[in-house]
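Trainee: I am new to this structure and would love a guided look. Could you take me through it, one question at a time?

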Amino acid sequence: MFTHKPTWGTVFQVPATMTGDDLLHLPIDGGKNELYDGELVREEMTAPGQSDVCHRLGFELGLWARNAGYSKRVLQNALFDLTQPGATSRTILAPDLAIWPSSAPPPWNHIPQVIPLLAIEVVSDSQTLTELGIKAQVYRNAGVPEVWVIDHASRVVEFWTATGMTTFTASDDLTSVQLPGFRLAVATLLDG
């Protein structure tokens, strides 16, 4: 398994018994808390530009889902317990956007141990494309079929799948095997 020290946020040591449900009880102050291999990773609050890209993509995915009769849901900053069977420490990540893998509604009061169909991360000013590329590999190692990493600064979207990584530029359209019929120009995603 691919392991490393997380670099996409500030790392804190926490008790080995910390769970996803414990994350739900941490103070809500605009930041995002995740567990990676038993360590608390604290990401900064979302910047307006990052929020704009997330909202725009979430809106487009929601429209596509409704019009396509797609029964899956689009979630924003939802925690997923991606801990591998037999692991001694927990990995619980919250992609900026994710596609819920079931037609059943997601839970309200606990962190599910399910794999999203798609995890999407948007690079913030305090992160690099390389850091979130490493995080994309963590998602893939956990079994997420497809991961998108969106970088407004370099104007690219990286698609991570079982066959490797593909880069889309501002002149390309985003399409996905996970989302039949979905199409969005990268330039529209980045610039509105």
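Trainee: Which residue of E10 is the bridge partner of Trp 148?

Mentor: Helices (H or I, at least four residues) and strands (E, at least two) are DSSP runs, numbered from the N terminus, and two strands pair if DSSP finds at least two bridges between them. E9 and E10 run antiparallel and are joined by 5 bridges. In that pairing, the partner of Trp 148 in E10 is Phe 159.

Trainee: Before we go on, what kind of model is this?

Mentor: It is a predicted model, where local features need pLDDT of at least 70 and side-chain atom pairs count only at pLDDT 80 or more, while totals for chains, interfaces and linings use all residues. Residues are numbered from 1 along each chain as its sequence is written, and side-chain values use heavy atoms, leaving out hydrogens and water. So that you have the short answer too: the model is predicted.

Trainee: Which residue in the turn between E9 and E10 has a positive phi?

Mentor: These two strands form a hairpin, with 4 residues between them. The positive phi, about 60°, belongs to a residue in that turn, Arg 155.

Trainee: Is E10 largely enclosed or open, and how many of its residues are buried?

Mentor: Buried means under 20% relative accessible area, exposed over 50%, and partly exposed in between (1.4 Å probe, protein chains only). On its other pairing, E10 is joined to strand E11 (residues 164-169) by 6 antiparallel bridges, with Glu 158 opposite Thr 167. E10 is largely enclosed by the rest of the structure, because its buried residues number 5 of 6.

Trainee: Which residues have the most contacts inside the largest nonpolar core?

Mentor: A nonpolar core is a set of buried Ala, Val, Leu, Ile, Met, Phe, Trp, Tyr and Cys residues joined through side-chain atoms within 4.5 Å. The largest one has 24 residues. Several elements each supply at least two of them, including helix H2 (48-68), strand E9 (146-151) and strand E10 (156-161). The residues with the most contacts inside this core are Leu 57, Trp 148, Ile 150 and Val 157.

Trainee: Is Val 147 buried or exposed?

Mentor: Val 147 is found in strand E9. Not counting residues up to four places away in sequence, Val 147 touches Leu 118, Ala 136, Tyr 139 and Trp 160, among others; contact here means heavy atoms within 4.5 Å. Its relative accessible area is 0%, so Val 147 is buried.

Trainee: And Thr 17, is that buried or exposed?

Mentor: Thr 17 lies in the loop between strand E1 (10-13) and helix H1 (20-24). Because its relative accessibility is 66%, Thr 17 counts as exposed.

Trainee: Which residue of E3 stands opposite Phe 12?

Mentor: Strand E3 (residues 39-43) is mostly covered, with 4 of its 5 residues buried. E1 and E3 are joined by 4 bridges and run antiparallel. Opposite Phe 12 in E3 stands Leu 40.

Trainee: Which residue takes a positive phi in the hairpin of E2 and E3?

Mentor: Strand E2 (residues 32-36) pairs with E3 in the antiparallel sense over 5 bridges, and Lys 32 has Glu 43 as its bridge partner in E3. The hairpin has 2 residues between the strands, and the positive phi, near 50°, is taken by Asp 37.
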